[in-house]
Amino acid sequence: MTNDTQDNSKPVLLRCENCATLNRVDLARASDKPKCAKCATPISFDHPLSVTDADFQQIVEGSSVPVLVDFYADWCGPCRAMAPTLNTFAANHSGEVLVLKVDTDANPLVSARFGIRSIPTLISFRDGKESKKHVGAADRQKLRDLVA
C-alpha cells in the first residue's frame with residue numbers, strides 16, 4: 001500500500017479578485033475551497049484569472065504548475081469567441097494548470113515584454129519560463145498541446 005500523504009503540494013500565488021491581496025494557495029487542495037487570507041473571499045481556479053503588469057512576473061514565476069496565459073482585449077472578436085473554450089479548459093484542468101489572462105490594452109509592459117503583436121496570443125510557462133506560444137484562436141486540443 002502506498003502512502004498518499006507524501007508532499008503533492010502545488011503552490012501558486014494568486015491575487016484575490018475581491019481585495020487584491022496576494023495569497024499563496026495550494027492547487028492540490030483546491031477542493032478544500034481556499035479563501036483569501038485578508039477578506040475570506042473564496043478563491044476559485046475554475047476560470048482564467050486576471051493578472052497585470054504589476055503581478056505577472058511574481059505569479060508566473062511563483063507557480064509550481066504549468067501556466068497558460070491568454071493575452072487578449074475586450075474588443076477582440078476572436079478573443080471573445082475563444083473565451084468559452086478557455087473557461088472550460090480552466091475548469092477541466094483546475095488544480096493541474098494555472099490559467100491566466102492579460103488584458104493587453106491595460107497591461108502594455110508585460111505585453112511588450114513578450115512581443116504581443118496579435119491577439120489572442122497564448123503562451124505557456126513552465127518553471128517561470130516561456131515554453132510554447134500560439135497566435136490566434138485555439139481549440140481544446142491546441143490548449144492541451146500548449147501545456148503538455
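## Working through a predicted model: sheet, helix and cysteines

Strand β5 (residues 98-103) is mostly covered, with 5 of its 6 residues buried. Keep in mind that this is a predicted model. Grab the structure and try the exercises below.

**Exercise 1. Find the strands that pair with β5, and say in which sense they run.**

Step 1. Start with β3 (residues 49-50): 2 bridges join this strand to β5, and the two run parallel. To see the register, look at Ser 50, whose bridge partner in β5 is Lys 101.

Step 2. Now take β4 (residues 67-72), which pairs with β5 over 6 bridges, again in the parallel sense. Here Tyr 72 sits opposite Asp 103 of β5.

Step 3. Trace the chain from β4 to β5: the path goes through helix α2 (residues 77-92), and this β-α-β crossover is right-handed.

**Exercise 2. Put the strands of the sheet in order and pick out its edges.**

Step 1. Add the other partner of β4: 5 bridges join β4 to β6, and this pair runs antiparallel. Asp 70 stands opposite Leu 122 in β6.

Step 2. Read across the sheet. The order is β3-β5-β4-β6-β7, which makes an open sheet of 5 strands with mixed pairing. At the edges are β3 and β7 (129-135), each pairing on one side only.

**Exercise 3. Work out whether Thr 104 is buried or exposed, and list what it touches.**

Step 1. Locate the residue: Thr 104 is in the loop between β5 and α3 (108-113).

Step 2. Check the accessibility. Thr 104 comes out at 14%, and the cut-off for buried is under 20%, so this residue counts as buried.

Step 3. Look at the contacts, skipping neighbours within four places in sequence. Thr 104 then touches Phe 71, Tyr 72, Ala 73, Ser 111, Ile 116 and Ile 119. Tyr 72 is the residue you met opposite Asp 103.

**Exercise 4. Check the length of α2, find its bend, and see what covers its buried residues.**

Step 1. Count 16 residues at 1.5 Å a residue, and the helix should span 22 Å; the end C-alpha atoms are 24 Å apart, which agrees.

Step 2. Look for a kink. α2 bends by about 40° at Ala 83, and a proline, Pro 84, follows within four residues.

Step 3. Pick out the buried residues of α2: Cys 79, Met 82, Leu 86, Phe 89 and Ala 90. The spacing is worth a thought, because residues three or four places apart in an α-helix point the same way. Their cover includes β4, β5, β6 (121-126) and α4 (140-147).

Step 4. Compare Thr 88, which is also in α2. Thr 88 is partly exposed, with a relative accessible area of 38%. Its C-alpha atom is 8.6 Å from that of Arg 140, though the two residues are 52 apart along the chain.

**Exercise 5. Decide why Cys 36 has no disulfide partner in Cys 19.**

Step 1. Find the closest cysteine sulfur to that of Cys 36: it belongs to Cys 19, at 3.6 Å.

Step 2. Apply the cut-off. A disulfide needs the sulfur atoms within 2.5 Å, so this pair is too far apart for a bond.

Step 3. Do the same for Cys 39. The nearest cysteine sulfur is that of Cys 16, 3.6 Å away, and Cys 39 is in no disulfide. A search of the whole structure finds 0 disulfides.

Step 4. Finish with accessibility. Cys 36 counts as buried at 4%, whereas Cys 39 is partly exposed at 30%.

Definitions and conventions:
Residues are numbered from 1 along each chain as its sequence is written. This is a predicted model: local features need pLDDT of at least 70, side-chain atom pairs count only at pLDDT 80 or more; totals for chains, interfaces and linings use all residues. Side-chain values use heavy atoms; hydrogens and water are left out. Buried means under 20% relative accessible area, exposed over 50%, partly exposed in between (1.4 Å probe, protein chains only). Two strands pair if DSSP finds at least two bridges between them. A crossover is right-handed if, with the strands pointing away from the viewer, the path from the first strand over the helix to the second runs clockwise. Contact means heavy atoms within 4.5 Å. The expected span of a helix is 1.5 Å times one less than its number of residues. The bend at a residue is the angle between axes fitted to the seven residues ending there and the seven starting there.
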